[in-house]
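Opening the notebook on a new model today. I want to go through the contacts between chains first, then a few side-chain pairs.

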Protein chains: 2
Amino acid sequence: MIDIHDRGFLLGDGLFETILWSEGRLVLFDGHAQRLIRGCEALGLPAPDPEVLKQAAETAVVSAGLVEPRAAVRLTWTAGPGGRGLDRPQRPSQQLISTAAAAPKREAPVRLVTSGVRRNEGSPASRLKTLSYLDNVLARAEARAAGGDEALMLNNRGDLACAAAANLFWVKDGALFTPALRCGVLDGIMRSEVLRVSAEIGLRAHEVAVNVDALAGAEGVFLSNSLIGLCEVAELDRVPVPRAPVVERLREALADVA
Amino acid sequence: MIDIHDRGFLLGDGLFETILWSEGRLVLFDGHAQRLIRGCEALGLPAPDPEVLKQAAETAVVSAGLVEPRAAVRLTWTAGPGGRGLDRPQRPSQQLISTAAAAPKREAPVRLVTSGVRRNEGSPASRLKTLSYLDNVLARAEARAAGGDEALMLNNRGDLACAAAANLFWVKDGALFTPALRCGVLDGIMRSEVLRVSAEIGLRAHEVAVNVDALAGAEGVFLSNSLIGLCEVAELDRVPVPRAPVVERLREALADVA
């Protein structure tokens, strides 16, 4: 249970991480902890100790009886209880909540539907995993209602941004593309890993600000996040999308972390 | 206390209302209840019964021992507990939380500071009081850090939108102006009241999409919300703003509701 005066609950004032537990370890834990700490800096919140985060994550897995083989751990770090209004209290008392659930299965290729809900490229929160995640909820619901599995989100300029719960990549002319963070894109841990290993396998990667026309003629489109790794896109707005062989090569290169 | 699996806490998936209790009654209660119900439609959430909301609000005032003379009541309506991820459960179980606190004092004229955090005009949530209110928290904190009292928020196009916790109005050439809702503006209950009474006192009012240059040469700038009524702006980004006599006329016309 959490205090009804917690600003995480009242105002979405806080951050979270979703971390894969696989074969007895927290995958890419340091990346997740460092992102949470960077997020605290951006939000002006005191940051948690990474060791405390790690213990909380491991405790959550064990408590939920999910040690084998894969689990999804969520760490939530809130601004803590506060009084009425937007101003944080003089002496905040942050709260750390950790939970674990069964990890989602590796997904079959998904049907992506372009959402009318835009990413807010003009807010630092658009690059963070914050407790103010309603736009993502609305975009996902819209995609489901249209018969899709996941939403494609654009920003207010019409630039490609990301999916509701994943980053977006596409392959074109033999190179890899993903929307730049400034487009209002979550700074995904798996996104960074994809960019890192693409260099290792000799695939040029570009972070770009482009509109949806850039997907025309793509040789493949895929999503990434920490729980599912890479997930191919089968359709975009009911139009079939080709499957790029390079996705399998990226998956192999990511085998240690996804 | 609230369940740590409540989607209001995990994802900001829910709505709230802040209602003034004054002299033994909930001020403009019907407007607040109807806005919450419209918000539920926009978010795809089942809506609460207005009578249940009213009882919850009154109970909160009495429980907090705040019957005399003014109190601020907050009603929070969440999407309820859910599993991992963005998708709502098949059978949601919404939660209603009501609290009351001392109402803020009528404020002296405020120093407004333009925030770098933009309103997301491309999301329906920008027109609603949702639990995903972090952008407003960040804008307010930025204004405080710059020595101000409240933030002026623009949208991603650079249009004027609103303050972090209030709507924006200005007087120019003898007419009243306020940003249009489509600019990413909270559909304020007091905003609607100001527009209503401006007609009664023969003041033309315009809802506009304009950038910050529109404030140059304003004869007065003020904010509105349900708790403070009208609050004049003394400075914008450290530049003094004139005081328009029409604000006092609007205040008198609003006397029944503010």
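Below are my entries, in the order I looked things up.

**Entry 1: the interface.** I'm working with a predicted model here. I started with the contact between the chains, and 54 residues of chain A touch 54 residues of chain B. Together chain A and chain B bury about 4,200 Å², and carbon and sulfur atoms account for 65% of that.

**Entry 2: polar links across it.** I then went for the charged pairs and got 4 salt bridges between chain A and chain B. One that I looked up joins the side chains of Asp87(A) and Arg144(B), with N to O at 2.7 Å. That is inside the 4 Å cut-off, so the pair counts as a salt bridge. For polar contacts between chain A and chain B, I noted 29 residue pairs, with both residues at pLDDT 80 or more.

**Entry 3: who supplies the surface.** Next I asked which elements of chain A give at least two residues each to the side that touches chain B. My list reads helix H1 (7–11), strand E1 (14–22), strand E3 (70–78), strand E4 (95–102) and helix H4 (134–145). H4(A) has the largest share, with 7 residues. Sorted by class, this side of chain A comes out as 24 nonpolar, 16 polar and 14 charged residues.

**Entry 4: symmetry.** How many degrees of turn lay chain A on chain B? I get 180 degrees, with a shift of 0.0 Å along the axis and an RMSD of 0.0 Å. The two copies are thus related as by a two-fold rotation axis. I also checked whether the surfaces match: 100% of the interface residues of chain A are interface residues in chain B too, so the copies meet through the same surface.

**Entry 5: aromatic pairs.** I counted 6 aromatic pairs over all chains. In one of them, Phe169(A) and Phe222(A), the ring centres are 5.1 Å apart and the planes sit at 5 degrees, so I put the pair down as stacked. Phe169(A) is in strand E8 (residues 167–172) and Phe222(A) in strand E11 (residues 220–225), so this pair links distant parts of the chain, 53 residues apart.

**Entry 6: salt bridges overall.** Over all chains I have 28 salt bridges. I pulled up the one between the side chains of Arg111(A) and Asp149(A), at 2.7 Å from N to O. Arg111(A) belongs to strand E5 (residues 110–114), while Asp149(A) lies in the loop between H4 and strand E6 (150–154) of chain A. These two are 38 residues apart, and the pair links distant parts of the chain.

Definitions and conventions: Residues are numbered from 1 along each chain as its sequence is written. Chains are lettered from A and ligands numbered from 1 in the order in which they are written. This is a predicted model: local features need pLDDT of at least 70, side-chain atom pairs count only at pLDDT 80 or more; totals for chains, interfaces and linings use all residues. Side-chain values use heavy atoms; hydrogens and water are left out. Contact means heavy atoms within 4.5 Å. Buried area is the accessible area (1.4 Å probe) that two parts lose on being put together, summed over both. A polar contact is a pair of N or O atoms within 3.5 Å; within protein, one must be able to donate a hydrogen and the other to accept it, and residues adjacent in sequence count only if both atoms are side-chain atoms. Helices (H or I, at least four residues) and strands (E, at least two) are DSSP runs, numbered from the N terminus. Ala, Val, Leu, Ile, Met, Phe, Trp, Tyr, Cys and Pro count as nonpolar, Asp, Glu, Lys and Arg as charged, and the others, Gly among them, as polar. Copies are superposed by least squares on the C-alpha atoms of residues with pLDDT of at least 70 in both. Rings of Phe, Tyr and Trp (its six-membered ring) pair if their centres lie within 6.5 Å; planes under 30 degrees apart count as stacked, over 60 as edge-to-face and the rest as tilted.
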